[in-house]
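Thanks for coming, everyone. I'd like to walk you through a structure that's new to most of you, so let's put it up on the screen.

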Amino acid sequence: MYNKVILIGRIVAAPELHKTNNDKSVARATIAVNRRYKDQNGEREADFVNLGPMGQTSRNLGKLRNQR
């Protein structure tokens with residue numbers, strides 16, 4: 001059974017694209033996702049989520065790095 005999660009946020013830093021020993025692509029990136037509610041001061045907090053996609057998804061994320 002798989003769970004599907006959709007996160008909408010901002011890429012914090014340029015994604016890093018790496019290759020494994022088996023020549024598979026792996027990316028590393030972090031996104032900041034705002035919370036839906038405000039804190040006691042009336043400000044929105046953000047959660048930082050680390051991503052580690054593999055395969056074609058990582059290559060697509062690596063292309064974003066070249067566009068920045």
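Before we point at anything, one bit of vocabulary: a residue is called buried when its relative accessible area is under 20%, exposed when it is over 50%, and partly exposed in between. Also keep in mind that what you're looking at is a predicted model.

Okay, the overall picture. The protein chain has 1 helix and 4 strands, and if you read along the sequence you get β-β-β-β-α. Now look at the outline. The C-alpha atoms fill a box of roughly 50 × 35 × 15 Å along the principal axes. The radius of gyration is 15 Å, while a compact globule of 68 residues would come out near 11 Å. And how much of the chain counts as buried? Of the 68 residues, 18%. The chain exposes about 6000 Å², with carbon and sulfur atoms supplying 47% of that.

A quick word on charge. There are 13 positive and 6 negative charges in the protein chain, and their mean positions sit 10 Å apart.

Now for the strands. Keep your eye on strand 3, residues 25-38, since it'll keep coming up. Strand 1, residues 10-11, runs antiparallel to strand 3, and 2 bridges join them. Arg10 is the residue standing opposite Ala32 there. Next, strand 2, residues 16-19, is also antiparallel to strand 3, with 4 bridges between them. If you want to find that pairing on the screen, look for Glu16, whose bridge partner in strand 3 is Arg28, and for Lys19, which is partnered with Ser25. Then there's strand 4, residues 44-51, again antiparallel to strand 3, and here the count is 7 bridges. Ala29 is a handy marker on that side, standing opposite Leu51 in strand 4.

And a general reminder while we're on strands: in a regular strand, side chains alternate between the two faces of the sheet.

Let's look at the turns. The hairpin of strand 3 and strand 4 has 5 residues between the strands, and in it Gly42 takes a positive phi near 85 degrees. The hairpin of strand 2 and strand 3 has 5 residues between its strands too, and there the positive phi belongs to Asp23. For Asp23 the value is near 65 degrees, and this is a residue other than glycine.

So is Asp23 buried or exposed? Asp23 lies in the loop between strand 2 and strand 3. Its relative accessibility is 57%, and the cut-off is over 50%, so Asp23 counts as exposed. To get a feel for distances, Asp23 and Arg10 are 13 residues apart along the chain, and their C-alpha atoms are separated by 29 Å.

For the opposite case, go to Val33, which is back in strand 3. Val33 has a relative accessible area of 15%, so it counts as buried, given that the limit is under 20%. What does Val33 touch, if we skip residues up to four places away in sequence? The list includes Leu7, Ile8 and Gly9, and also Glu45, Ala46, Asp47 and Val49. Take Gly9: it's 24 residues from Val33 in sequence, yet the two are 4.4 Å apart, C-alpha to C-alpha.

That brings me to my last number. Among contacts between residues at least 6 apart in sequence, 39% join residues at least 24 apart. That's my tour, thanks for listening.

How values were computed: Residues are numbered from 1 along each chain as its sequence is written. This is a predicted model: local features need pLDDT of at least 70, side-chain atom pairs count only at pLDDT 80 or more; totals for chains, interfaces and linings use all residues. Side-chain values use heavy atoms; hydrogens and water are left out. Helices (H or I, at least four residues) and strands (E, at least two) are DSSP runs, numbered from the N terminus. The radius of gyration is taken over C-alpha atoms; the globule rule is 2.2 Å times the number of residues to the power 0.38. Buried means under 20% relative accessible area, exposed over 50%, partly exposed in between (1.4 Å probe, protein chains only). Contact means heavy atoms within 4.5 Å. Accessible areas come from the Shrake-Rupley method with a 1.4 Å probe; for residues, only the protein chains shown count as cover. Lys and Arg count as positive and Asp and Glu as negative; His and the chain ends are not counted. The place of a charge is taken as NZ of Lys, CZ of Arg, CG of Asp or CD of Glu. Two strands pair if DSSP finds at least two bridges between them.
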